[in-house]
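Here are some worked exercises to try with the model open beside you. Have a go at each task before you read its solution.

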Amino acid sequence: MLIDIQEANAKALSAIQAAQPVIKGIDTALAVVPGMNKNLILHAGPPITWEKMSGPLKGAVIGGMIYEGLAASPAEAEKMAAAGKVQFAPWHEHDGVGPMAGVATASMPVWIIENKTNGRRTFCTLNEGLGKVLRYGAFSQEVIDRLKWMEATLGPVLKAALELAPEINMKNLIAQALQMGDEVHNRNKAGTSLLIRELAPAILKTTFPQADKVRVLEFLHSNDHFFLNLSMPAAKAMLQAAEWVEGSTIVTTMARNGTEFGIRVAGLKDRWFTAPAAIVKGLLFPGFEEKDCNPDIGDSAITETCGLGGFSMAAAPAIVKFVGGTVSDAMNFTRKMYEITDGESQSFQIPNMDFRGAPTGINILKVCEKNILPQINTGIAHKDAGVGQVGAGLVNPPMKCFEDALEAYVEKYCQN
Amino acid sequence: MSRLAEFFGQKIKVINLGIPGFAEDLKKQGIENIHTEWRPPAGGNKKIQALLARVDAWQSQVKAAKGAR
Amino acid sequence: MVVCHLVKKQTYFDSVTLMLIGSQVKKLDGIKNAVVGMCTDYNIDSLKRLDMYRPDFDGLTPNDLIICIMGNDKTTAEAGIAEVEKRLNSRKQAGGGNAELPPSTQEEAARRLPGANVVLISVPGEYAAREAELALNQGRHVMLFSDNVSIEEELKLKTLGSSKELLVMGPDCGTAIINGTPLAFSNAVRRGDIGLVAASGTGLQEVTSTIHRLGCGISQAIGVGGRDLSEKIGGRMTIMATRALAEDPATRVIVLISKPPAASVLKPLFAEFKNIKKSVVVYFIGADPKIIEEQGFVAARNLEDAAIQACNLSSGGKHKPEMSDAEIATLAGKHKVPAGNLRSLYSGGTLCDEAQRVLQPILGEVSSNTPVKGCLEMADVYKSTGHCIIDLGDDNFTRGKAHPMIDPDYRSERMHQELSDASVGIICFDVVLGYGSHPDMAGEMVAAIRRGQKSSGKKPILAACICGTTDDPQGYQQQKSQLEEAGVVVFPTNVAMVKFAQHCLERK
């Protein structure tokens with residue numbers, strides 16, 4: 001095969017650079033997510049069976065089934081899941097992403113992001129806030145009630161507001177957030193604030209009852225991570241543009257389901273390369289210990305795949321205590337990522353690195369050769385369902401994912 | 001004059017791979033140089049080195065074939 | 001004894017740094033053994049041999065760093081580990097602060113230093129050829145300090161290099177002075193019109209330093225690696241380099257230093273020389289000078305002589321050895337010679353070679369770990385019997401340890417051992433100055449001598465030669481005075497020292 005890897009990767013990278021993700025609107029998953037059905041439960045990371053799911057993912061599945069009305073009780077939900085009465089599929093195979101457990105069911109409202117360059121869409125649920133939430137595996141009544149409110153009120157109010165607001169270009173918003181100290185994975189304070197600024201006037205212009213509008217704004221205001229569920233599908237939309245460029249060794253997906261870490265590569269269409277997920281090393285909230293931590297979970301590593309998150313650590317000095325303590329540690333994390341990426345973002349710039357573009361386009365050949373793993377900074381889930389976040393810190397994908405991908409690449413392409 | 005003889009008239013600029021002291025000595029002499037924190041490719045993993053070598057070899061073939069066209 | 005260890009996964013340091021730190025920490029009180037290294041097969045074997053291996057080391061890779069310390073008790077061993085970490089960190093921070101991370105590959109380094117024209121490679125041998133090939137393909141000259149590069153790889157690199165008119169100095173090339181800049185183990189030598197090509201590292205250091213001390217200077221000193229004039233390599237680099245020196249307007253005299261070339265190489269080499277319109281001095285170590293003189297070239301008798309002949313041709317003057325034969329004889333006469341054996345502890349391989357060739361015909365039975373024709377192979381390189389001339393830079397002493405020009409540890413130990421041997425009458429050693437070398441070798445040797453003399457009470461004659469120039473970073477005069485204060489007789493060249501030893505031993 002006459003494929004020049006450099007050219008293939010340049011093509012993949014330029015598709016990523018050219019992407020223009022905008023918020024298209026909000027709708028229910030059933031209405032917009034391709035292949036969605038009432039019985040399908042989407043989850044984070046690579047494919048997984050019920051038996052192999054970790055605590056938080058199992059809990060979220062139970063919560064999702066109760067919310068969706070597929071089961072009346074946790075016991076019934078477990079029985080059905082074990083008996084194969086519901087289907088599971090990775091969000092990534094349905095053009096979407098989900099933070100932490102990432103569970104989504106048919107009735108949930110989802111953000112619709114559209115890449116204006118190629119017209120393709122990506123999806124993500126709306127962020128529920130912190131504490132007892134579905135994405136950490138909680139399924140109590142309080143959780144279900146919140147999800148119902150999101151379906152009945154939050155989704156519709158925001159949907160209406162988006163129709164009244166000027167188009168929101170996610171790439172611009174992320175670029176601004178980076179300049180305000182976010183890396184849009186573990187810190188989303190600036191991004192959330194910017195989003196509220198964009199949406200607030202339009203929310204007020206909607207015809208919903210005043211109480212609903214107030215509650216929606218209070219909800220947005222109370223949750224620093226509201227923006228994460230937008231930065232993720234925006235990153236996904238950009239990377240989707242590089243799928244599946246023949247011969248390219250650029251990584252288009254890094255995702256974890258709490259049991260396994262999986263990656264996908266532009267030139268290896270639809271294939272997952274998985275290995276056991278690692279334990280995140282980091283700063284734990286008071287009262288928690290390492291033995292409480294669940295292995296790495298969530299699709300949020302899509303941000304790193306796109307040059308954000310841990311790759312743009314240098315942009316977020318406020319959270320350096322998660323990554324070793326000093327600003328120069330954070331800058332060194334970012335510097336190191338330039339060694340395994342093929343390009344620098346034309347949109348996302350890191351202010352205190354002289355506005356250098358974020359390291360973008362992870363190349364599996366470079367990862368393997370240099371033996372440098374992508375740096376992910378991420379939240380840590382409690383290993384038991386429903387406890388929530390116990391800390392945040394650093395994690396790397398297993399090297400095996402990249403090694404296996406390399407082997408598959410050689411098998412597919414190298415005929416020498 | 002041969003290219004090597006021409007080079008004899010130039011200032012040297014050095015890339016140092018390996019022992020850091022060699023770069024430090026050059027620095028002391030005011031010679032432009034860069035030290036490389038060299039590490040074994042693929043962390044010393046022979047299987048991965050072999051796979052990478054195959055990709056390299058294939059890419060050289062591809063480049064040669066393209067050049068020939 | 002307690003063994004403590006610390007494994008740092010995915011942490012790479014070069015072996016020289018680690019070995020030096022290991023040997024420094026081993027010197028601390030209460031520490032019996034220290035293995036600080038990447039988990040290579042060799043280091044794993046060492047750990048097993050020293051009874052320091054633990055089952056949890058299974059599965060470690062050469063990309064994992066291990067610090068393993070055997071100490072009198074747990075506190076001492078742990079303190080040893082902490083000390084290693086401290087030293088490693090101080091290295092890391094040297095680049096530190098907000099500085100850009102150093103590049104980890106040659107490609108990245110090249111991107112950051114546009115116009116780089118030389119790549120100095122001292123990575124493990126199995127990876128060296130790959131880096132060299134990359135450098136040549138990108139148009140850069142290569143100095144290959146690494147050893148363990150196969151002759152097939154060498155041939156491939158030199159074929160590529162000569163097709164692009166790029167230097168491939170090495171493998172196992174320790175010395176070169178290119179365009180006025182000393183690389184790796186080289187001395188600060190004045191610039192001048194003598195251009196040298198050498199298949200011997202210390203040989204080149206000795207000749208260039210002597211040229212400097214005689215008041216002349218060099219244009220280039222090009223190391224080509226010990227195998228360049230073998231049949232297989234065919235003198236590719238030697239020929240390319242001499243051709244360029246022949247054209248180089250800054251060069252008037254050309255000097256070649258090497259072991260005698262393979263018969264098949266000699267003819268084309270001489271044919272090449274005959275085209276050169278400049279003076280050519282040749283020293284084939286251990287070969288009959290006649291084969292050179294018959295061809296009409298100037299033949300040198302030894303390294304010092306090569307320098308003198310080159311200086312004579314360069315400045316037209318009549319240069320003499322820095323110390324005449326008469327002076328050496330007088331100096332030897334001043335010393336009361338205790339009957340006994342000669343022990344020479346060399347860090348420079350070619351100097352060791354040169355000593356054997358001079359002394360063996362006179363002393364008869366001489367042993368060495370690197371015996372030349374007529375000398376005996378030492379039965380046990382770690383134990384001297386009779387007259388011994390030892391190259392401590394040879395493989396059997398440097399496996400897992402740094403070269404004795406950097407790490408004086410084993411030579412100090414050996415010095416102590418020889419001083420304690422009642423059969424010894426004279427101990428000779430070299431002190432090689434210049435870039436790359438230990439900052440105070442004379443000081444280290446003097447310390448070892450003082451320790452050894454205290455415990456033995458016997459005082460054999462001590463002689464040293466200093467290979468270096470007054471411009472070397474160590475300070476020639478300072479090194480010399482330290483040795484003299486300790487009662488060491490100091491010589492400017494190896495040959496002078498060897499002649500002194502000869503006089504002493506002949507008189508007994």
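## Exercise 1: Two domains of chain C

Six residues of domain 1 of chain C are in contact with six residues of domain 4 of chain C, where contact means that C-beta atoms, placed from the backbone, lie within 7 Å. Before going on, note that this is a predicted model, in which local features need pLDDT of at least 70, side-chain atom pairs count only at pLDDT 80 or more, and totals for chains, interfaces and linings use all residues. Residues are numbered from 1 along each chain as its sequence is written, while chains are lettered from A and ligands numbered from 1 in the order in which they are written.

Task: describe the side of domain 1 of chain C that touches domain 4 of chain C, by element and by class.

Solution.
- Step 1. Find the elements: helix H1 (15-26) and helix H2 (41-49) of chain C are those that give two or more residues to this side of domain 1. Helices (H or I, at least four residues) and strands (E, at least two) are DSSP runs, numbered from the N terminus.
- Step 2. Rank them: H1(C) gives the most, with four residues.
- Step 3. Sort by class: this side of domain 1 has four nonpolar, two polar and no charged residues. Here Ala, Val, Leu, Ile, Met, Phe, Trp, Tyr, Cys and Pro count as nonpolar, Asp, Glu, Lys and Arg as charged, and the others, Gly among them, as polar.
- Step 4. Place the two domains: domain 1 covers 2-95 and domain 4 covers 325-507 of chain C, with bounds from an automatic or database domain assignment. Their C-alpha centres lie 32 Å apart.

## Exercise 2: Chain B and its partner

Task: work out whether chain B is a compact globule or more spread out.

Solution.
- Step 1. List the elements: chain B has three helices and two strands, in the pattern α-β-α-β-α along the sequence.
- Step 2. Apply the globule rule: the radius of gyration of chain B is 18 Å, well over the 11 Å that the rule gives for 69 residues, so chain B is more spread out than a compact globule. The radius is taken over C-alpha atoms, and the rule is 2.2 Å times the number of residues to the power 0.38.
- Step 3. Look at the extents: the C-alpha trace of chain B spans about 45 × 40 × 15 Å along its principal axes.

Task: show how chain B meets chain C.

Solution.
- Step 1. Count both sides: 35 residues of chain B and 43 residues of chain C take part in the contact.
- Step 2. Name the contributors: helix H1 (3-7), strand E1 (14-17), helix H2 (20-28) and strand E2 (33-36) of chain B each supply at least two residues to the chain B side.
- Step 3. Sort by class: that side has 17 nonpolar, eleven polar and seven charged residues.
- Step 4. Follow the strands: E1(B) runs parallel to strand E4 (residues 118-121) of chain C, joined by four bridges. Val14(B) stands opposite Val118(C), and Leu17(B) has Ile121(C) as its bridge partner.
- Step 5. Extend to the sheet: the open sheet of five strands has the order E2(B)-E1(B)-E4(C)-E5(C)-E6(C), with parallel pairing. Its edge strands are E2 of chain B and strand E6 (168-169) of chain C, each pairing on one side only. Strands pair if DSSP finds at least two bridges between them.

## Exercise 3: Chain A and a buried loop residue

Task: compare the radius of gyration of chain A with the globule rule.

Solution.
- Step 1. List the elements: chain A has 13 helices and 14 strands.
- Step 2. Apply the rule: the radius of gyration of chain A is 20 Å, close to the 22 Å that the rule gives for 416 residues, so chain A is as compact as a globular protein of that length.
- Step 3. Add the extents: the C-alpha trace of chain A spans about 60 × 50 × 45 Å along its principal axes.

Task: is Ala315(A) buried or exposed?

Solution.
- Step 1. Locate the residue: Ala315(A) is in the loop between helix H10 (302-305) and H11 of chain A.
- Step 2. Count neighbours: Ala315(A) is buried, because 27 other C-beta atoms lie within 10 Å. The cut-offs within that distance are 20 or more for buried, 12 or fewer for exposed, and partly exposed in between.
- Step 3. Name contacts: not counting residues up to four places away in sequence, Ala315(A) touches Leu178(A), Gly181(A), Glu183(A), Ile350(A) and Pro351(A).
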